[in-house]
Amino acid sequence: LHFSARMGIFGNAASGSKPTDVQDAARQWKLNLKGEERKLDRQIHAIELEEMKAKKAVKDCAKRHDLDSARILARELVNSRKAKERFLITKTQINSTIMAISHQMASMRVAGAISKSTEVMQAMNRLMRLPELGETARQLSQEMMKAGLIEETISDAMESVAPVNEAEADAEVDRALAEVIGGIVDQAAPVRTPLPAQAQAAAEAPAESEESQVRARLQALRS
């Protein structure tokens, strides 16, 4: 996050913070979080566009009876769907954090004093474990600690990545492949007499290049 100049008003101790200062800062925190949410929306939209292209490429491979290439692309589809699901979960966590901040600010307006919030601290803990928001959440939590809104005992451990079960991963790819190509392989035109090796390589090169580009774009969007 890129904090504005007013975000440094808290100094090194929470005791110097005023409720009005924290309310002003909270508005900026929420704006920053909403900005991160919009970035995720753009990433999700970009993944969905590339998924459409990847599905078309899978179908083209199936029509050529090139199931090896179709399977490689189907694996990229599976990975991209997982990335999109992760982004959606991150969006949900952002919304929960924004709501927690709003709730605490409302309580402070009633009480007229700053008080620490377990709800906000727990929400920030969850954000800090997400790879997409780890650094952003750490910076944000530092401002909240200076403001006296949360305790200083926030864990910054990232979410652990579960080991890959190859059998389950292969089954997911099989399902994605079946979903996209359906009966295309059976309906495709019979394989023609093979071309000489040089001519066949030249004919397949453009298709292979396009498939490689689709895979590369999907991989880039997941990072």
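## Helix packing and salt bridges around helix 2

H65 is partly exposed, with a relative accessible area of 33% (partly exposed lies between buried, under 20%, and exposed, over 50%, for a 1.4 Å probe and protein chains only). The model is predicted, so local features need pLDDT of at least 70 and side-chain atom pairs count only at pLDDT 80 or more, while totals for chains, interfaces and linings use all residues. Residues are numbered from 1 along each chain as its sequence is written, and side-chain values use heavy atoms, without hydrogens or water.

H65 lies in the loop between helix 1 (19-63) and helix 2 (67-111) (helices are DSSP runs of H or I, at least four residues, numbered from the N terminus). H65 is not a glycine, yet its phi is positive, at about 60°.

**Packing of helix 2**

Helix 2 packs against helix 3 (residues 118-128) at an angle of about 160°, with the axes 9 Å apart (axes are fitted to C-alpha atoms over the stretch in contact, and angles run from 0 to 180 degrees between N-to-C directions). The two helices are therefore roughly antiparallel (over 145 degrees). On the helix 2 side, the contact includes Q93, I94 and T97; on the helix 3 side, A123, M124 and L127 are among the residues involved (contact means heavy atoms within 4.5 Å). T97 is buried, at 0% relative accessibility. Leaving aside residues up to four places away in sequence, T97 touches L33, A123, M124 and L127.

Helix 2 also packs against helix 5 (residues 166-181), here at about 105° with the axes 8 Å apart. That angle makes helix 2 roughly perpendicular to helix 5 (65 to 115 degrees). Residues that meet here include R71 and R75 in helix 2 and D170 and D174 in helix 5.

**Salt bridges**

The structure holds 15 salt bridges (a side-chain nitrogen of Lys or Arg within 4 Å of a carboxyl oxygen of Asp or Glu). Three of them are listed below.

| Pair | N to O distance | Separation in sequence |
|---|---|---|
| E51 and K84 | 3.5 Å | 33 residues |
| D170 and R71 | 3.9 Å | 99 residues |
| D174 and R71 | 2.4 Å | 103 residues |

E51 belongs to helix 1 and K84 to helix 2. E51 is buried at 7% relative accessibility, and K84 is buried at 18%.

D174 in helix 5 and R71 in helix 2 are distant parts of the chain. R71 is partly exposed at 25%, D170 is partly exposed at 28%, and D174 is partly exposed at 41%. Through shared partners, salt bridges join R71, R75, D170 and D174 into one network.

Terms used: Angles under 35 degrees count as roughly parallel, over 145 as roughly antiparallel, 65 to 115 as roughly perpendicular and the rest as oblique.
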